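Colleague: Please pick one strand and give me a close look at it. I'd like to hear how it sits among its neighbours.

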Amino acid sequence: MTAEYKVDGAIAVISLNNPPVNGLGLSTRRAIVAGLNQANADPAVKAIVITGAGKAFSGGADITEFGKEDALREPHLISVLQQFDLSSKPTVAAIHSVCMGGGLELALACNYRIAAAGTAVALPEVKLGLLPGAGGTQRLPRALGVETALNMIVSGETVKSEMLASIPGQKLFNKMASSPEALLAEAKGLALEMADVRPLPRVRDLPCKHPQGEAYFEFAATMVQGMSKNFPAPARCVEAVKHATTKKFDDGMALEREAFMQLMLTPESRSLRHLFLAERAASKIADVPADTPVRDIRTVGVIGAGTMGGGIAMNFLNAGLPVTMLETKQEALDRGVATIRKNYEAQVKKGKLKQEKYEERMALLSTTLDYAGLKDADLIIEAVFEEIGVKQQVFKQLDEVAKAGAILASNTSTLDVDKIASFTKRPQDVVGMHFFSPANVMKLLEVVRGKATAKDVLATVMKLAKKIKKTAVVSGVCDGFIGNRMIEQYSRQAGFLLDEGATPQQVDKAVEKFGFAMGPFRMGDLAGNDIGWAIRKRRYQEKPNMKYSASADRLCELGRFGQKTGAGWYDYVPGKRDAIPSDVVAKMIEEHRKSLGITSRKISDEEIVQRLVFALVNEGAHILEDGIAGKSGDIDMVYLTGYGFPLWRGGPMHYAGEVGLFNVVQAMGRFAQNPNDDAKFWQPAPLLAKLAAEGKQFS
């Protein structure tokens, strides 16, 4: 059973039991109603307590039902809550640990609520592009006050129960439990105390007004529109809460449900729901069981104290893990430690980190100039220069000093992890851990699985990623893995667009208007154009038939490597990051175009976006075929968390499905006719062609 029914004297107790968070799936909803009916029909029962077994009261909707028929079957949650409204006997919600979404709406439908301190309370539906759909926008403002409730609903953020209980005049919690252990007993006591009180109090009957009325909601709507212009849900949340103050309860409920159903059909909500599921699915590896034993990681070694090495170290310090950082020279170590201190001190100054926490983290950091200083580390990550010879030297030395069972990880962004593993006598312990810069900020971690990487190593790294608050995505071994292999095709298209008549600023503006955090040329200037130059030089040897625009090479020959040199695709003023269009670059592109015999043409923003994004999609389809990525959602997670792809579009593979794969393939056919493009690349990947022909999507 997903909800258990027991009677203790005059009190019936309904315990939700649907691990891990007591999701309100169909069977749970039916069991709740059955328990409620049984209690109301039993003359011996005077009152009803509903609580959650295990580690939650209820986390809300059962995500396993998303997109399935059970989500549409009666009783819907609204129908369940109507039964609470109609109950002839008082109901008490005993709330603990987690009370979110539909779980909070369920609690609000009870006559009384008692909560344990530390309970995480939220209505997070807005993060899925929705609004609360079972009365959250109508009941919470009545229980908490309009402003507090609206802030919770619009942000979707979690608030602790004791903080809500301290709000003057709040009616969300009738009582706070003396301790989590005493919660159920005290809930039964409250139920007995209120068993004969009539009429039964209902949140729906409470008054709901704001002193400023219309003026407040106009202000709230303006604020929300400015902060979430690409997401329709927050504005609809404001509208729904306003209805709670101006409409009868049942009318407000009807308007809330109408808005919920409309939002459910928006591409933004589909994208956010896809992101929600893809993020959870990314941690699951098909051939690595969930119960795979993991290695104990208590200490970490980091080789390299530069920007990347220091950022990697901070992740583990933040998680309370001791880190030993190795460099070849003391000056380099000192610079690295100083940078870490500077980063933490900036957080302290902004109030984001307490002084004592800063001191605790720095106390966990030690340094060494000798590989022997890493002999006790459980995990060692190298963050040295991206050259295979350098990696070889590092891993040969690591193989000599690292203890048996230590995980040896490379932060390489493109190099062959299998080759790196071959430099050791323990390839089963070698894995890629590709952090994105700045490593202490960016969420993405590409976990590169070598052909010999042990399953327990993978399981350990995936678990550790959660501890350091990273979104980990598993990639197979290939040049560039998932993210950089795809971005190369994106960058090639950006170069061809310059050859044909576009300017760097036009390409960047078109892509940024689409929603990318940064266009390809601004991104190149930030990362350093010399990095791409080094990769292209390698490509010219390895893949002489691969076509590139030579404009990027010409830029680098001018020494314009980007922000670090004060000049790249754009000009930069010292101390500022503003990208200023460059006359030098415009002249260089024009001269290059003439050398190719190309007459400049007007290129639309639509073409720019399609060529760049569909290049990602086609290469992504090849990556799926090659088995480099296990799921299309993994590719989307890489681009959403590591490359600035717009969240509301759901990642390149999901977006392609929104456009329609048939339309993507048709556009690619047009691009293949362009004599200045790479016609061979625009041949659709077999998987893409197959899915388009069958009218299917990647996910």
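Modeller: Two strands pair if DSSP finds at least two bridges between them, and the strands (E, at least two residues) and helices (H or I, at least four) are DSSP runs numbered from the N terminus. This is a predicted model, where local features need pLDDT of at least 70, side-chain atom pairs count only at pLDDT 80 or more, and totals for chains, interfaces and linings use all residues. Residues are numbered from 1 along each chain as its sequence is written, and side-chain values use heavy atoms, with hydrogens and water left out.

Let's go for β3, which covers residues 47–52. Strand β3 is mostly covered, with six of its six residues buried (under 20% relative accessible area with a 1.4 Å probe, protein chains only; exposed is over 50%, partly exposed in between). A47, V49 and T51 point one way from the strand, while I48, I50 and G52 point the other way. Whichever way they point, these residues are all buried.

Now the neighbours. One partner is β2, residues 11–16, which pairs with β3 in the parallel sense over six bridges. If you want a spot to find in the viewer, look at S15, whose bridge partner in β3 is T51. Helix α1, residues 26–41, joins in too: β2, α1 and β3 make a right-handed β-α-β unit (with the strands pointing away from you, the path from the first strand over the helix to the second runs clockwise).

Another partner is β4, residues 91–95, which pairs with β3 over four bridges, again in the parallel sense. T51 turns up here as well, standing opposite A94 in β4. That makes T51 a handy landmark: follow it to S15 in one direction of your tour, and to A94 in the other.
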